[in-house]
Amino acid sequence: MTLNGWMQIFVILALVAAVALPLGTYLAAVAEGRVNFLRPVESVFYRLAGVDPDEPMGWKTYAAALMALNLLHFVLLYLMLRFQQFLPFNPAGIGPMSPRLALNTAISFVTNTNWQAYAGETALSYGSQMWGLTVHNFLSAATGIAAAIMMVRAFCAGGLKTLGNFWADITRITLYVLIPMAAAMTVFLIICGVPQTLAGPAHAITLEGAHQVIARGPIAFQEAIKLLGTNGGGFFNANSAHPFENPTPLSNVVETWSEIVIPFALVFMLGRMVRAPRQGYAIAAAMAMILVAAAGCVYAAEAHGNPLLAHLGVGHAMGNMEGKEVRFGTAMSSLFTVTTTGTSDGAVIAMHDSFTPLGGLVPMFLMELGEITPGGVGSGLYGMLVYALLAVFVAGLMVGRTPEYLGKKVQAKEIKLAMLAVLILGISILCGTAYALNTRSGLGSLGNAGPHGLSEMLYAWSSATANNGSAFGGLSADTKLLDYGLALAMVLGRFGFMIPTLAIAGSLAAKPKLPESAGTFPTDGPLFVGLLIGVVIILGGLQFLPALSLGPIAEHFVMLAGKVF
Amino acid sequence: MVRHFRPAAVLVLLFTLLTGLALPLGFVGLGRVVAPFAANGSLLRADGQVIGSRLIGQNVTEPGYFHPRPSAITTTDAKGNTVPDPYDADNSGASNLAPTSKALIERVKAAMAALGQPRVPADMVTTSASGLDPDISPENALLQIPRIAAARGLPPAALRALVAAHTTGRALGLFGAPRVNVLELNLALATLRRK
């Protein structure tokens with residue numbers, strides 16, 4: 001570890017804070033319908049869709065509209081992938097995706113996971129990348145943000161029967177937030193060297209006279225929204241490690257920043273919308289503390305390098321460079337690893353499978369917590385709010401006070417729904433891993449032997465369930481078992497978590513807003529921040545400790561003992 | 001849910017036209033105007049022929065050139081076997097070998113033996129994340145100078161100066177790691193020989 005490395009990490013995080021604060025205020029304005037400079041465009045959208053943007057929806061209507069959009073969009077993407085050979089913008093002449101892989105991919109993108117059991121440069125036409133995946137990157141991100149905004153509204157006033165209009169939310173979020181930010185970022189990325197072209201692969205004659213085919217395409221725009229929308233599906237197999245997706249250290253600063261800026265801004269939006277900014281700061285502080293600690297752990301492990309290679313005479317000054325790019329180095333690679341798994345992004349600039357055991361444990365753990373540090377766009381906020389409800393409930397039990405959060409009484413119904421959401425994660429990850437490892441097909445998918453093999457499978461189910469999409473890439477994921485199994489995990493992790501939280505919102509909205517009293521447990525101070533972190537780690541994390549002990553922790557000790565597999 | 005299908009279909013269609021067609025194509029056009037070289041893939045040409053991309057490494061094995069990092073990209077041959085295909089830029093990818101993988105240790109041992117050096121910088125024997133890493137560390141480049149000097153009959157001092165001139169520091173003095181672009185360095189070698 002070096003001072004320079006730590007400075008890189010802290011300067012990027014400072015840049016996030018500097019923008020997330022004002023962006024949070026802007027998001028609150030968008031959520032409250034106070035931003036309308038594109039009113040004419042909005043009106044056209046609403047008129048064609050036949051909706052009234054001011055028509056209020058209860059939580060069930062909101063959830064039904066959300067599911068309808070996602071279901072329809074899923075079917076559309078599946079068809080696009082199956083018939084891409086007949087559609088335009090296919091200069092490399094790429095054929096159709098197999099039904100099984102198309103199903104897995106369509107679910108992967110509609111759930112904001114972007115798990116990729118295929119290699120983008122050889123499996124997808126430019127058309128599929130643009131009107132298939134890129135559009136999903138926008139709409140799945142907008143869906144997550146809409147769900148979070150809807151939940152925040154539940155805390156805003158008492159006795160609400162309605163929680164906003166899904167069509168208006170999704171339109172405004174896309175038009176006023178995602179498109180402008182993605183557009184600005186696209187221009188920056190193109191200037192850095194990210195291609196944006198419809199020309200087919202370039203053909204080069206190398207210095208030694210060999211023929212090199214260089215895949216390229218309309219990358220920059222998709223790259224921007226893939227990170228801003230915490231989607232993570234790379235244009236290329238190597239994802240953001242590919243020099244065409246992320247060509248320079250500066251492009252990487254922006255890409256890292258863009259993964260976590262909207263999730264943090266949404267927390268500040270919560271503070272603005274409930275008219276108590278400190279409540280937002282408290283949640284952001286809990287998220288940031290876990291994130292910084294995680295970044296420190298990965299950086300320490302990766303900068304220390306692989307002792308088994310050091311024995312052979314490999315210098316340790318650069319750290320563990322297997323699966324890392326020279327231009328990024330260890331510090332940036334470590335930070336990106338936690339920003340991509342602390343959110344639901346799942347883009348990678350370094351290959352997690354080749355990380356040191358402890359360096360690989362951290363991203364796995366962050367996903368298993370449910371990605372709330374700061375989490376995916378929208379999903380991070382509603383995920384952390386679920387933990388916040390559990391935290392006040394635990395605090396209430398300890399001191400004998402009636403739990404309330406942001407002026408709403410938290411009762412048995414909300415706690416049951418919150419526990420349902422949290423348990424879905426654990427059940428899907430642990431049962432899925434255990435089942436897969438007890439089948440011949442599952443064991444045949446493993447790319448590495450020993451405890452690391454277990455880590456590969458655990459990582460896959462954690463990533464799919466938490467809608468992350470990154471992988472321990474040695475795993476051969478395009479098998480019947482994993483294509484279908486992980487697709488199910490992605491649906492459970494996305495909608496099995498989201499629907500209970502929307503139900504919580506519906507339940508809380510109807511309750512009266514209580515004035516703060518002497519009996520109110522303050523949720524905007526350091527005591528609550530500590531309690532929240534504790535609940536996240538103990539309730540969310542501890543259930544995975546046995547599995548982690550058998551995987552990365554065991555591997556760490558056998559590595560120190562010099563054993564290889 | 002059924003009554004929601006019309007607005008869902010219309011909005012999906014509109015956003016597909018906007019974010020899936022109009023904007024990506026608009027940025028293709030903008031890229032052509034604002035940064036044609038970058039938007040097209042940073043292709044380097046000599047006498048009109050594309051010789052590679054500035055951002056994409058290429059496979060170089062002759063002793064008279066600087067060598068890139070090992071690349072883990074593989075391809076499938078006619079018989080269906082997986083074979084190494086380093087720096088195949090129609091593809092990308094990493095070894096994904098675990099730190100405790102026997103295959104990794106054996107591969108690094110073989111690479112060290114081939115280099116004949118007791119100690120090497122880490123990037124010299126490890127594969128990158130993309131398999132297309134265009135850069136090597138300055139230490140890596142310096143360690144290759146004796147071989148290149150012998151192959152080309154050039155003074156090592158001139159080569160050291162060339163490496164220094166092609167070393168890119170950290171961005172803004174802070175971000176990333178110092179690096180040397182191998183393709184540009186090798187192209188500069190050719191000019192050195194002509195002198």
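How many residues of chain A are in contact with chain B, and how many of chain B with chain A? In this predicted model, 107 residues of chain A are in contact with 88 residues of chain B. The legends below start from that interface and then move through each chain.

**Figure 1. The side of chain A that touches chain B.** The contact set pairs 107 residues of chain A with 88 residues of chain B. On the chain A side, the residues divide into 65 nonpolar, 32 polar and 10 charged.

**Figure 2. Chain A as a whole.** The secondary structure of chain A comes to 20 helices and 4 strands. Its C-alpha trace spans about 75 × 55 × 45 Å along the principal axes. The radius of gyration of chain A is 23 Å, which agrees with the value near 24 Å for a compact globule of 565 residues. Buried residues make up 63% of the chain. Among contacts in chain A with a separation of 6 or more, 79% join residues 24 or more positions apart.

**Figure 3. Helix α7 of chain A and its kink.** Helix α7(A) covers residues 166-192, 27 residues in total. From first C-alpha to last, α7(A) reaches 37 Å, close to the expected 39 Å. A kink of about 35 degrees is centred on A:Thr174. Of the 27 residues of α7(A), 19 are buried, so the helix is largely enclosed by the rest of the structure. Just after the helix comes A:Gly193, with a positive phi of about 125 degrees.

**Figure 4. Helix α20 of chain A and its packing.** Helix α20(A) takes in residues 545-560. Its kink is about 35 degrees and is centred on A:Ile553. The buried residues of this helix are A:Ala547, A:Gly551, A:Pro552, A:Glu555, A:His556 and A:Met559. An α-helix has 3.6 residues a turn, so residues three or four places apart point the same way. The buried residues of α20(A) pack against four helices of chain A: α11 (307-310), α13, α15 (412-437) and α17 (451-465). After α20(A) follows A:Gly562, whose phi is positive, near 85 degrees.

**Figure 5. A cis peptide bond in a loop of chain A.** The bond from A:Thr373 to A:Pro374 is cis. Its omega is near 0 degrees. A:Pro374 sits in the loop between α13 (357-368) and α14 (379-399) of chain A. Helix α13 is also one of the elements that the buried residues of α20(A) pack against.

**Figure 6. A:Asn114, a buried loop residue with positive phi.** A:Asn114 lies in the loop between α4 (99-110) and α5 (120-123) of chain A. Its phi is near 60 degrees, a positive value in a residue other than glycine. A:Asn114 has 30 C-beta neighbours inside 10 Å; the cut-off for burial is 20 or more, so this residue counts as buried.

**Figure 7. Chain B and its two domains.** Chain B has 7 helices and 7 strands. From the N terminus on, the elements run α-α-β-β-β-β-α-β-α-α-α-β-β-α. The domain assignment gives domain 1 (2-38) and domain 2 (43-194). The C-alpha centres of these two domains of chain B lie 38 Å apart. The C-alpha trace of chain B spans about 75 × 45 × 40 Å along its principal axes. Chain B has a radius of gyration of 22 Å, but a compact globule of 195 residues would have one near 16 Å. Buried residues make up 45% of chain B. Of the contacts in chain B with a separation of 6 or more, 51% come from residues 24 or more positions apart.

**Figure 8. B:Arg45 in strand β1 of chain B.** B:Arg45 belongs to strand β1, residues 43-46 of chain B. With 10 other C-beta atoms within 10 Å, B:Arg45 is exposed. Leaving out residues up to four places away in sequence, B:Arg45 touches B:Val50 and B:Ile51.

**Figure 9. B:Leu172, an exposed loop residue with positive phi.** B:Leu172 is found in the loop between β6 (167-168) and β7 (179-181) of chain B. Its phi is near 55 degrees, positive in a residue other than glycine. B:Leu172 has 11 other C-beta atoms within 10 Å; exposure is set at 12 or fewer, so this residue is exposed.

Terms used. Residues numbered from 1 in each chain as written. Chains lettered and ligands numbered in written order. Predicted model: local features only at pLDDT ≥ 70, side-chain atom pairs only at ≥ 80, totals over all residues. Contact = placed C-beta atoms within 7 Å. Nonpolar A, V, L, I, M, F, W, Y, C, P; charged D, E, K, R; others polar. Rg over C-alpha atoms; globule rule 2.2 N^0.38 Å. Expected span 1.5 Å × (residues − 1). Bend = angle between axes of the 7 residues up to and from the residue. Domains from an automatic or database assignment.
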